[in-house]
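Here is a short report for a reader who is meeting this structure for the first time. Please look over the sequence and the model before reading on.

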Amino acid sequence: MSRPKPEPAAGTDSAIVSPTVVGEMKFEMALAELEGIITSMEGGRLPLAESLAAYRRGSELLRHCQQQLADAEREIQILENGSLRDFAAGNGQAG
């Protein structure tokens, strides 16, 4: 006879135990999952083992997001002939 699965603790997020490979995630998806993990951990209701798993997953997601941002910055530098320029608000607007 099989036992029913225990219900997740209040405040836990199923995204913490996501089977999605981090390296295949788009930036927005990884960031959303990371935000969910942070919210769950800040709630302080996760058991120790789940907190450790969430921390590991969050670390992976953070590194992935940082790498994607660095790649985007390099691409912008290439598009701008090797130098980043300061953003000037209002440029390119009709007026």
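The report goes from the whole chain to its helices, its core and its salt bridges.

**The chain as a whole**

This is a predicted model. The chain has 95 residues, and 21% of them count as buried. Its secondary structure amounts to two helices and zero strands. Helix H1 covers residues 27–42, and helix H2 covers residues 48–79. The accessible surface is about 7,700 Å². Carbon and sulfur atoms hold 56% of that surface. Now take the contacts with a separation of 6 or more. Of these, 66% join residues that are 24 or more positions apart.

**Helix H2**

H2 has 32 residues. At 1.5 Å a residue, they should span 46 Å. The end C-alpha atoms of H2 are 46 Å apart, so expectation and model agree. Several residues of H2 are buried: Ser51, Ala54, Arg57, Gly58, Ser59, Leu61, His64 and Cys65. What covers these buried residues of H2 includes H1. After H2 comes Asn81, with a positive phi near 60°.

**The nonpolar core**

Which residues make up the largest nonpolar core? There are nine: Val22, Met25, Ala30, Leu34, Ile37, Leu46, Ala54, Leu61 and Cys65. H1 and H2 each supply at least two residues of this core. A general tendency fits here. In soluble globular proteins, nonpolar side chains tend to be buried together.

Ala30 is one of the core residues. It lies in helix H1. Is Ala30 buried or exposed? Ala30 is buried, and its relative accessible area is 0%. Leaving out residues up to four places away in sequence, Ala30 touches Met25, Leu61, His64 and Cys65. Met25, Leu61 and Cys65 are also listed in the core. His64 is among the buried residues of H2. Gly58 is another buried residue of H2. The C-alpha atoms of Ala30 and Gly58 are separated by 9.2 Å, and the two residues are 28 apart along the chain.

**The salt bridges**

How many salt bridges are there? The count comes to two. The table sets them out.

| Pair | Closest N to O distance |
|---|---|
| Arg57 and Glu33 | 2.7 Å |
| Asp71 and Arg74 | 2.3 Å |

Start with Arg57 and Glu33, whose closest N and O atoms are 2.7 Å apart. Arg57 lies in H2 and Glu33 in H1, so this pair ties together parts that are 24 residues apart in sequence. Both partners are under cover. Arg57 is buried, with a relative accessible area of 8%. Glu33 is buried too, with a relative accessible area of 7%. Arg57 has a further partner. A polar atom of the Arg57 side chain lies 2.9 Å from the backbone oxygen of Thr20.

The second pair is set up in another way. Asp71 and Arg74 are three residues apart in helix H2, so about one helical turn separates them. Why can such a spacing let side chains meet? An α-helix has 3.6 residues a turn, so residues three or four places apart point the same way. Are Asp71 and Arg74 buried or partly exposed? Asp71 is partly exposed, with a relative accessible area of 35%. Arg74 is partly exposed as well, at 43% relative accessibility.

**In brief**

The chain has two helices and zero strands. H1 and H2 each give at least two residues to the largest nonpolar core. The salt bridge of Arg57 and Glu33 ties H2 to H1. The salt bridge of Asp71 and Arg74 has both its residues in H2.

Notes:
Residues numbered from 1 in each chain as written. Predicted model: local features only at pLDDT ≥ 70, side-chain atom pairs only at ≥ 80, totals over all residues. Heavy atoms only, no water. Salt bridge = Lys/Arg side-chain N within 4 Å of Asp/Glu carboxyl O. Helix = DSSP H or I, 4+ residues; strand = E, 2+ residues; numbered from the N terminus. Buried < 20%, exposed > 50% of the residue type's maximum accessible area, 1.4 Å probe, protein only. Contact = heavy atoms within 4.5 Å. Areas by Shrake-Rupley, 256 points an atom, 1.4 Å probe, with all protein chains shown as cover. Core = buried A, V, L, I, M, F, W, Y, C linked by side-chain atoms within 4.5 Å. Polar contact = N/O pair within 3.5 Å; in protein donor to acceptor, adjacent residues only side chain to side chain. Expected span 1.5 Å × (residues − 1).
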